[in-house]
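Reader: I have a model open on my screen and I'd like to learn how to read it. Could you walk me through it, feature by feature?

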Amino acid sequence: MALILTAVVLADLSDPSVLGLLPCLVVAGLFAWSTLRKYAARYGWAVREQVTRARAGRRELHRTQFAQAASRAESPQTLLSGMRIHPAVLYAALFSPAVIVTVVFVAARPQDASGLALAALLALLLLVLGLPKVVRMRRREQVALDSAASSVASAFPGGAVVHPVRDGLGEPDSPFAGSTSSAWDAGPSRTGALAVDAGALLARGTDGDALDLQLAEVQGAVLIGSGVAWLPPSVDVLLRSGEAIEFRSPDAKAITEALSDAGVPVTTA
């Protein structure tokens with residue numbers, strides 16, 4: 001739609017031959033949309049597969065960092081923070097080429113500046129219309145997690161601070177999913193709650209599953225920010241057995257702080 005609007009604005013509408021191209025642009029847009037939908041499905045699968053494959057490499061890197069810190073007898077609460085790119089910087093880099101091209105075009109053809117600005121505003125409006133959908137998806141995720149935590153809160157000892165979590169973030173159909181993960185790390189995704197209490201990590205699922213993990217068995221934990229707008233960050237718990245469990249939670253930072261206070265090495269990704 002943005003492409004068609006731009007073509008309409010920049011074309012000389014007094015020329016009948018140009019007006020005749022508009023139906024062709026509409027048909028081309030419909031074909032493009034069909035192709036994009038098919039590509040989006042393939043891209044979604046590729047991204048999930050890439051995340052699954054990268055999980056093993058990421059965990060191996062963090063295990064090495066924890067082992068090096070332990071060999072140097074550093075404090076178990078040392079944070080090995082890497083450089084992170086702020087989303088605003090990322091979006092600025094993404095849209096800067098379009099801004100530069102627009103400025104150059106307006107400088108060369110000032111008579112079309114107002115029309116081009118109108119097309120840009122309409123294109124921006126299409127993006128803004130998607131924001132409520134993102135907000136609804138984030139709210140649904142939060143409601144599901146809060147409901148799960150409330151339903152299993154009674155399964156924890158009194159006085160334990162309970163955090164809503166989602167586990168089973170791995171892809172069950174991938175050969176890489178079970179290579180360095182526990183049964184709680186493999187899909188399908190499940191909701192539940194987690195608490196750090198009395199030297200143990202306690203997890204309870206709404207499906208009745210229970211996990212009591214002694215913190216002595218934990219090599220370290222990694223706080224991982226989410227790259228998806230409607231998903232909260234997660235905590236990747238690396239076990240000395242070579243297994244690992246990733247818990248997604250809006251309380252991810254509080255969980256890592258509780259683990260750090262209990263003497264578990266914590267890092268950020």
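Author: We'll start with the overall layout, then go through helices, strands, cores and a few single residues. One caution before that: this is a predicted model, so local features need pLDDT of at least 70 and side-chain atom pairs count only at pLDDT 80 or more, while totals for chains, interfaces and linings use all residues. Residues are numbered from 1 along each chain as its sequence is written, and side-chain values use heavy atoms, with hydrogens and water left out.

Reader: Fine. How many helices and strands are there in the protein?

Author: Helices here are DSSP runs of H or I with at least four residues, strands are runs of E with at least two, and both are numbered from the N terminus. By that count the protein has six helices and eight strands. Starting at the N terminus, the order is α-α-α-α-α-β-β-β-β-β-β-β-α-β.

Reader: And what share of the residues count as buried?

Author: Buried means under 20% relative accessible area, exposed means over 50%, and partly exposed is in between, using a 1.4 Å probe and protein chains only. Of the 269 residues, 30% count as buried. As for contacts, meaning heavy atoms within 4.5 Å, take those with a separation of 6 or more: 60% of them link residues 24 or more positions apart.

Reader: Let's do helices. Why do people look for a pattern of every three or four residues?

Author: An α-helix has 3.6 residues a turn, so residues three or four places apart point the same way. Try α6 (252-261): its buried residues are Ala252, Ile255, Thr256, Leu259 and Ser260. They fall within an arc of 135° seen down the axis, so they line one face of the helix; the arc is taken from the directions from the helix axis to the C-beta atoms. Lys253 and Asp261 are exposed on the face turned away from that buried side.

Reader: What covers the buried residues of α6?

Author: The cover includes β1 (163-167), β2 (190-197), β3, β5, β6 and β8 (266-268). Glutamate 257 is in α6 too, but it is partly exposed, at a relative accessible area of 42%.

Reader: Can I check a helix by its length as well?

Author: Sure: the expected span is 1.5 Å times one less than the number of residues. Helix α4 (residues 113-128) has 16 residues, so it should span 22 Å, and its end C-alpha atoms are indeed 22 Å apart. Gly115, Leu116 and Ala119 are buried in α4. Those residues cover an arc of only 100° around the axis, which puts them on the same side of α4. Ser114 and Leu121 are exposed on the other side.

Reader: Now strands. Is β6 mostly covered or mostly open?

Author: Mostly covered, as six of its six residues are buried. Ser234, Asp236 and Leu238 are on one side, with Val235, Val237 and Leu239 on the other.

Reader: Which strands does β6 pair with?

Author: Two strands pair if DSSP finds at least two bridges between them. β5 and β6 run antiparallel, joined by six bridges, and isoleucine 224 stands opposite serine 234 in β6. β6 and β7 are also antiparallel, with five bridges, and valine 235 has phenylalanine 247 in β7 as its bridge partner. β6 and β7 form a hairpin with four residues between them, and glycine 242 in the turn has a positive phi of about 100°.

Reader: What about the hydrophobic core?

Author: A nonpolar core is a set of buried Ala, Val, Leu, Ile, Met, Phe, Trp, Tyr and Cys residues joined through side-chain atoms within 4.5 Å. The largest one has 21 residues, and Leu201, Val218, Val235, Val237, Phe247 and Leu259 touch the most other members. Apart from it lies another core of eight residues, including Ala149 and Leu202.

Reader: Any buried residue worth clicking on that isn't hydrophobic?

Author: Try histidine 62 in helix α2 (residues 16-71). Histidine 62 counts as buried, at 5% relative accessibility. Leaving out residues up to four places away in sequence, histidine 62 touches Val222, Leu238, Thr267 and Ala269.

Reader: Last one: how do I read a positive phi?

Author: Most residues other than glycine have a negative phi. Alanine 198 has a positive phi, near 55°. Alanine 198 lies in the loop between β2 and β3 and is exposed, with a relative accessible area of 73%.
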